[in-house]
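User: Please take a close look at one part of this model and describe what surrounds it. Then set that part against the rest of the chain.

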Amino acid sequence: MKSFARTTTGLPVFLFLVLFGWSTAFSQPTHESQEFMLPPDQMGETLLQMGQYEPAHAIYSKLYETGSEGPYVIRGLVKSLAGLKKLDKAREQLEAYLQKKPNSSAVLYGLGLLHYMESDAEKAESYLIRAIEQNKTNAPAYNTLAVILFDKKQYKEAIEQLQKALAANPADLLIYHNLWRTYGEMGQSS
């Protein structure tokens, strides 16, 4: 009887340890699952493409607040706020930042993108040219300027801007899309 009592009191403890170990094994991230986690900017871009503007805005807003002022962060911030129908908030944020740092290529680009979204191509072009003057490697500024030129049916000039964008960032797939679209409109296949 003694051995049965020892077994029955040890069994719950044993089961608890087995189940606890089993549950923590599934709740803790493993090295394998961490391989598939996206960096915040890529996660934000993915959310934007899915139309998930609120969580995308949370990511880009946090990046912006912590000092990431790159053009891709600014693009995400503007696009997420556009999706939320809050372009006025984007303008307010960017103009306030520009007061402190008037030569910020990324913010000048953001204002150019914002004005393009509002169908003010002339103002957009002005900001984009200023952004490029401040930073010759601002690929999104070249790309957006190319889109404006495309809309004006100035395809040759659009291609020139897209080539500069590619030289600045050959990994930006949006540039390739715009190249393909522009060459297609010109009647060329490559």
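Analyst: **One helix and its surroundings**

Q93 lies in helix α6; helices here are DSSP runs of H or I with at least four residues, strands are E runs of at least two, and both are numbered from the N terminus. The model is predicted, so local features need pLDDT of at least 70, side-chain atom pairs count only at pLDDT 80 or more, and totals for chains, interfaces and linings use all residues. Residues are numbered from 1 along each chain as its sequence is written, and side-chain values use heavy atoms, with hydrogens and water left out.

Leaving aside neighbours within four places in sequence, Q93 is in contact (heavy atoms within 4.5 Å) with Y64, L77 and L81. The C-alpha atoms of Q93 and V78 are 9.8 Å apart, with their positions 15 residues apart along the chain.

Y64 also takes part in a ring pair. Rings of Phe, Tyr and Trp (its six-membered ring) pair if their centres lie within 6.5 Å; planes under 30 degrees apart count as stacked, over 60 as edge-to-face, and the rest as tilted. By this rule the count is 2 aromatic pairs. In one of them, Y64 and Y97 are tilted, with 5.8 Å centre to centre and 50° between the planes. This pair links distant parts of the chain, 33 residues apart: Y64 belongs to helix α4 (residues 53-65) and Y97 to helix α6 (residues 87-100). Y64 and Y97 are both buried; buried means under 20% relative accessible area, exposed over 50%, and partly exposed in between, with a 1.4 Å probe and protein chains only.

In the loop between α5 (71-83) and α6 sits K85, which has a positive phi of about 60° although it is not a glycine. Most residues other than glycine have a negative phi. K85 counts as exposed, at 74% relative accessibility. K153, in the loop between α9 (139-151) and α10 (155-168), is another non-glycine residue with a positive phi, near 65°. K153 counts as exposed at 59% relative accessibility.

Elsewhere in the chain, T182 in helix α11 (residues 173-186) is buried, with a relative accessible area of 1%. Not counting residues up to four places away in sequence, T182 touches F150, Y155, A158, I159 and L162. A polar atom of the T182 side chain lies 2.7 Å from the backbone oxygen of N178; a polar contact is a pair of N or O atoms within 3.5 Å, where within protein one must be able to donate a hydrogen and the other to accept it, and residues adjacent in sequence count only if both atoms are side-chain atoms. R181 lies over the face of F150, 3.8 Å from the ring centre; the rule asks for NZ of Lys or CZ of Arg within 6 Å of the ring centre and within 35 degrees of the ring normal.

As for the whole chain, there are 11 helices and 0 strands. Of its 190 residues, 36% count as buried. Among contacts with a separation of 6 or more, 48% come from residues 24 or more positions apart.

The mean pLDDT (the predictor's confidence in each residue, from 0 to 100) is 85, and 79% of residues reach 70 or more. Over residues 1-8 pLDDT stays under 50, with 0 contacts beyond four places in sequence. Over residues 13-31 pLDDT also stays under 50, and the model has 1 such contact there.
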